[in-house]
Amino acid sequence: MKKIVYLIVCSMLVLTACEDLDQAPDNIASSDSLTNFGGVLNAAYYYQQAAATPMAVMGDFRADNMEMREAPYTDFHTFNSNLTTSMGDQFFAPIYRNLYKSILSANNVIENSTDDTQIAEAKFLRALSYFKLVIVFGDVTVNLSAAPSTTDTSILVRQPKEEVYNTVIIPDLTDAIAVLDNSEISNGRASQLAAQALLGKVYATMGNYPNAEAFLGDVISNASSAGVTLVSDFSEVLDDGNSEIIFATQKSTTISDEYDFSEFTVWYGGFEDKALLPLNPDLITAFDDAGDTTRKDLTIDDDPTQLKSVKRNLGLESDWIEIRLSDVILLYAEAINENGSDTAANTLALLDDIRTRAGLGSLSGSATTQDEVRKAILDERRLELAFEGQRWFDLVRTGAVDAEMGQTINSNYYVFPIPISEINSSDGVITQNAGY
Amino acid sequence: MNVKFKLTTLVALVFSTFVFAQETYMLNGTVTSESDSMPIPGANIIVVNTTRGATTDFDGKFQIEVKNGEVLQVSYVGYATQSVTINNQQDLNIVLKEGNSLDEVVIVGYGTRKKIHNTGAIAQVKGKEVAAIQANRVDDALAGKLSGVLIQNQSGEPGADPKIQIRAAASVTGDSNPLIVVDGYPISGNLATVNPNDIESVEVLKDAASAAIYGSRGANGVILVTTKKGRTGKTTFSYNTFYSISSKYRDNILPTGREWDNTIERNVNNGSWDLSGLDQDILALRREMYRNAPDQVAVEDWLFQNGYTMNHDFSMSGGSESVNYFASMGYQDTEGIAITQGFERFNARLNLDAKLGDKFKTGLNVNGFASRRDVLAHGQRDLLRAYSIHPIFHTEASIAFVQQLDQQAQAIGLNPFDGGFSGGNADSETPMNASIYTLQPGDYAHDWHYGRNGLFGGSSNQGPAAKLLERDRYETTYFVNLSTYLQYSIIDGLDIRTVLGADLRDTKQYFHALSQADRRGEIARTSLDETNTKRSSILSETTLSYNKVIGKHDISAVVGFEFQNFYTTAIATNGTNLPNDDILNYNLLTQESIVVTERDETIARNSVFGRVQYAYDNRYLFSASLRRDGDSRFGANQRYANFPAVSLGWNMHNEAFWNSETLSTVKLRVSTGSLGTTAFLGAYNSLSLLNPSATAFGTGYLIPDDIENADLTWQTNTETNFGIDLGFLNNRFRLSVDYYTSDIEDMLISQSVSEVLGTAAINKNIGDLRSSGLEFELGALVMQKGDFTWSMNANLSTVETEITDLGDLDALPDEQFGVSGRGPVFRNYVGGEIGEMWGLETTAVVPTGELEDPTLSPNNTSGYSYVVDQNGDGEINEDDYVKIGQNTPDFYWGMSHNLRYKNFDVSMQFQGAQGGEVYNLDPLYFESQWGRSLRSDFDANDDGIADENGLFYDRNRDQTDHGIQDASYIALRNLTIGYTFNSDLISSIGLNSVRAYVAATNLFYIMGSDYTGYNPEGIKNFDGGGDTYKGPTTFGVQEGASPIVRSFTFGLNVNF
């Protein structure tokens, strides 16, 4: 009996088993266990997805192509500080957050990968992220580290945008051009051509038109050998994987991105409750003034009960085109005009392929002065690139905001407000843009 | 066995019965408590050395067969056992002693302690107090009963958990939920897992010294629940049932179209609104619509209803010398006060204890339930935001009206109503209400059917019924807690005990949204979501305890070790693109439309602990404990920590020199102890783990949510408690006062950081928070005269907090918490309280008449207020913010009365809180904002200054005190009036006792005068609109709070 008791009491102690405090999950990877950084590079691509809709809304709704209909979304059309609080969560914070996540992922690849192509792609994506940040927010924080300090807030100080262009975007794109080729262009990955096109656009945005002309010219001459050509039918310019695309951010309904609100196709298509009948009548006028019926019919529905985009009626699978050949051609013409590199007639003749496709005649001869040509190219961009998130940034780049918007807009509002949480969490080290 | 033997036995039996019949008789008795003369239900009566026994009914009455010379033993937990020798008494009144009773115990962690030896701040509520009032759950029954325990009904939804906060917030980030220990087993759920009818007693360990034995889990306080056990004696049965009808407390907070037109009329007539500049044709048509649209239904009247609760509980208990049992089953079915809400639960419990010989004891507790909770599938705030200008479902009349209205509108040059709405989307099989000309009676009515493009500023959203009824959200839970123990008495007073147990919880959260939940009927916006979560918590624990009284020395000690493992596995399946609305099945979805997310987490914890309790001569009291905890959540360098506690007490009234009848009890207590908390930490917050996710080019490793921190460690809470217990006039009046200070060091903070770092917040240990509070508890036997007794208890508590240190920082980053930029800025800074709400001070609202068109939307206000430029720099910005509110009340209180006259009993429970504020977001939505704009001459140069009076103005939706409302309240939480039927009558139909009662909850509920919502206790504590809820640092914003519920109940308690 005594033995049994002894046995039971001992087993009571044994029943109480010690737990291992080193716990880690089996189904998630730990960051220091990686050897191939391809997955991290994929993440850098992935985060671009969440930037698409904010770029679309800022590019077309802030400008004169589209209109919000319901408060507080109508704050996009009042050029004051109201946007800061009302639209921050839905547009500015997601684009800011995701672009910096893309940058961190890219930094990780650049720091740790041993694969040159991976590094070059990462540099392209990092440059693309910073370019978007600069045109949206102006001066921005620059982080080039995969593991930035969590305690040193001085690294968060916003750097002048010229600095960002010169020390980050241009060197990254230059490196990417040197390493990348165009073999993966049809698979949607970054390519040499995309880096050249983006660098050209960057220089144009900086106002450095001579360099822009050089790189954009390279794109135009290299395009066809890379398999990039204008599609013959304007109705196909936004189709996924069409031959005109130089670089697009791939979207898919099966890949849930970190943008939780209505996607750009919904906004353009007039399906978003906040912007029913979203078409700005000014764009109808623009098509009519240009006598542009083909592109008008393929771009907008001007029935008073519809007033929306038909160009973007491609569903949620539709990719976000970052840069396509038409955009490059128009930018190239813009650079030629600004540089005075060629006659007005020859400059406008550069647009002929695009206009022919639209069923329109050449503009060559219709304008003579540099100003007139500039205006003609800007108008062409509006009709060709409507609903591609370009218009507002075109107006700012070409200095045409007041003229085109028909009102005097304080240049503070050429950029958008930094998310309030950034100013709060950095204790003011990150500052708000003037006017917001 | 032969026939002869059988016959003999039979004769002997008959004979013996005959013998007993001569001597035994039926004794009637009552058991009452000495302190308040209240009857004690459930007291145990046994006839010593026999198997006869009885239990008292709700009236404290019992009946038992006795004969002269036998000894009755009467016992009840917390009271001194009393013996009475039978000597022909016919009626027996037994008064059990408590208070000074030497045997009364309180449950402390891993043991008990005599109440007179208790040195901590421990509040106790007896099961009979829980049972005396009708309550759907234990927390409801406790509300207002305990000092230092704030129980807040954040939601009136059936099955919703209240917030329980014991003393000051123990954590700056994270929740305040105390640890719940049921019968010695720390459960992983909350009090919802316990059936109120099963409760024997509830103890709340408030001070750190008492809770320190639970170490890291005790920082938010500990609630110890003891459930009923069977007692030796005959089996008793109990059946309790009630039926409640409930409705929301407050009505009519929003106008219908007709009421809005009256408002327009009034403002035009008194000259407040000048509408002469408006298009008069449109104005006339709009007002015609407001006034004459047929079949208008107030959204509020549609959404809310009378709910009901039906409850049945059945229990039985009993036992022999060696085995005792208590078993219960319950069923509850509730339909909420808002349509689609409901809660249904089955629960069962078995408590089994057995003695195996002299040395061994063993027991098994099983508690489980199955429940289903249906919640509003769409936010209440958004449902109520729809305008009450139309029916919920179209009628012949309303269809004819909108079609005619459209024609009239087009005749005066407005867009057709269908504009922008018609057609639905290409991928929709059933474009809903594609045109107002295809409407059928019974179709959902939407604002746009009434001409929201141009005619009035309505919502483009679908109507409220489409939002709600096309969605479904529910949660089912299966919970079981099994625990078993084995105890061996090594020598007298020295026991070893092992507990082994598990909590298993299986929940399914379900949600679907059918095509018409989206205004466009887009199937891309349909969804079918299911999250299946399985959690287990396995605990093993062995303690060695020693209890001995040697002369005047009362010694008890316990040492033990404990291991616990929490495992969570979850699969979330999110589907979209539902092919039809009829059959919802993942098999019908395309593979691309289904996303599966998995979760797999383990938390492990190891602990050793020990405690010594000592009392000398019932005068000098001492207790000390130490616990060492290790937890896998912390950084590899910092997993273990020690938590010591010590407390002292002095029963001054037991000193020889004390001789006062007036001041019959004087006890001084002081304690100090430290506790750790893991706060909000998840299983792997100290690690930096990449999240694999599908991307366009294959697997992507996404940015980790956490930044690795090997030094992440315990937050330590050191609390010191001073207490005094006084009793007057033989303890007829009792007063306890406790004062505590609490210092939280190495606060675990989820600190917001710039998103440049790839995450919105990082977890850190920084800073120091100091809180203090004063608690009063008063008990009195107010009156006792003949058949009438009246006793009362009251309590009042204060809490103050101050952040005293934040490491290198003066302030945590400002947090703006609310919805889409609405809501205050929360500031947490050195020298301030936790979670101060800051914003602009407003002086007056800008009159609605300043709007370009004040008639545009029902319930319009200007949406602007005049604000104060605090620093006078001519600009309104965050430098002008002032503190506009704080949610923690200055004090909160409770008061209960128990009255008894003959067969009637009355109990009342009052509860209140004073001095807290909420930021109520709802008015910002209800005071319409669609299409609203100020007159252009209000501020012609757009400089933020009103031209006519030179005052600064700002939008209410920005950070202003416009949303701040008083959250104070005074409530009669419960009023119960019971009647116990005469026992003669009852026993004649074979029952022991029957009590019937009626009860009302929240019979009156007084809200602050500027409070405009449904529930001042309601708090938004979930993330929304991009803002992250961070616990006490962002506490106080309210959105769509489910209403305070008033209910009337009829109930029956039957014992047999």
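Start by selecting helix H6 (280-292) of chain B, which is part of what covers the buried residues of helix H5(B). What you have open is a predicted model.

**Stop 1: a helix with two sides**

Now select H5 itself, residues 257-269 of chain B. Which of its residues are buried? Colour B:Gly257, B:Trp260, B:Asp261 and B:Ile264, the buried residues in this helix. Turn the view until you look down the axis of H5(B): these buried residues fall within an arc of 100°, so they line one face of the helix. The spacing fits a simple rule. An α-helix has 3.6 residues a turn, so residues three or four places apart point the same way.

Next, add B:Glu265, B:Arg266 and B:Asn269, which are exposed on the other side of H5(B). You can also check the helix with a ruler. The 13 residues of H5(B), at 1.5 Å a residue, should span 18 Å, and the distance of 18 Å between the end C-alpha atoms agrees with that. Before moving on, click on B:Gly271, just after H5(B), where phi is positive at about 80°.

**Stop 2: a four-strand sheet**

Stay in chain B and show the open sheet whose four strands are ordered E3-E2-E5-E6, with antiparallel pairing. Its edges are strand E3 (53-55) and strand E6 (82-85) of chain B, each of which pairs on one side only. From one strand to the next, the twist averages 20°.

For a view inside this sheet, select strand E2 (residues 44-47) and strand E5 (residues 71-75) of chain B; four bridges join these antiparallel strands. Label B:Val47 and you will find its bridge partner, B:Leu72, in E5(B).

**Stop 3: a five-strand sheet**

Another open sheet of chain B has five strands in the order E10-E15-E16-E13-E14, and here the pairing is mixed. Which strands stand at the edges? Pick strand E10 (122-126) and strand E14 (185-186) of chain B: each has a single partner strand, so one side of each is left without a neighbour in the sheet. Strands of a sheet pair through backbone hydrogen bonds, either parallel or antiparallel.

E10(B) pairs with strand E15 (residues 199-205) of chain B in the antiparallel sense, over five bridges. To see one match across the two strands, label B:Val125 and, opposite, B:Val202 in E15(B).

**Stop 4: three strands side by side in sequence order and pairing**

Travel along chain B to strand E45, residues 891-901. How do its two faces divide? B:Tyr892, B:Gly894, B:Ser896, B:Asn898 and B:Arg900 are on the covered face, while B:Phe891, B:Trp893, B:Met895, B:His897, B:Leu899 and B:Tyr901 are on the uncovered one.

Now bring in the partners of E45(B). Strand E37 (residues 788-798) of chain B pairs with E45(B) in the antiparallel sense over 11 bridges, and B:Phe788 has B:Tyr901 as its bridge partner. Strand E46 (residues 904-914) of chain B also pairs with E45(B) in the antiparallel sense, over 11 bridges. Here B:Gly894 stands opposite B:Gln911. Zoom in on the hairpin of E45(B) and E46(B): two residues lie between the strands, and B:Lys902 takes a positive phi near 50°.

**Stop 5: a serine at the meeting of two chains**

Go to B:Ser632, in the loop between strand E27 (620-631) and strand E28 (640-651) of chain B. Is this residue buried or exposed? B:Ser632 has 22 C-beta neighbours inside 10 Å, so it counts as buried, the cut-off being 20 or more.

What does B:Ser632 touch? Beyond its neighbours within four places in sequence, its contacts are A:Leu21, A:Asp22, A:Gln23, B:Ile603 and B:Ala604. Label B:Ser686 too: 54 residues from B:Ser632 in sequence, its C-alpha lies 9.3 Å away from that of B:Ser632.

Widen the selection to the whole contact between the chains, which takes 82 residues from chain B and 72 residues from chain A. On the side of chain B, strand E26 (residues 594-616) gives the most, with nine residues. By class, that side has 32 nonpolar, 31 polar and 19 charged residues.

**Last stop: chain A**

Finally, show chain A alone, with its 19 helices and five strands. Its C-alpha atoms fill a box of roughly 115 × 50 × 40 Å along the principal axes. Of its 436 residues, 56% count as buried.

Notes: Residues are numbered from 1 along each chain as its sequence is written. Chains are lettered from A and ligands numbered from 1 in the order in which they are written. This is a predicted model: local features need pLDDT of at least 70, side-chain atom pairs count only at pLDDT 80 or more; totals for chains, interfaces and linings use all residues. A residue is buried if 20 or more other C-beta atoms lie within 10 Å of its own, exposed if 12 or fewer, and partly exposed in between; C-beta atoms are placed from the backbone. Two strands pair if DSSP finds at least two bridges between them. Axes are lines fitted to C-alpha atoms, for helices over the stretch in contact, and angles run from 0 to 180 degrees between N-to-C directions. The expected span of a helix is 1.5 Å times one less than its number of residues. The arc is that of the directions from the helix axis to the C-beta atoms. Two residues are in contact if their C-beta atoms, placed from the backbone, lie within 7 Å. Ala, Val, Leu, Ile, Met, Phe, Trp, Tyr, Cys and Pro count as nonpolar, Asp, Glu, Lys and Arg as charged, and the others, Gly among them, as polar.
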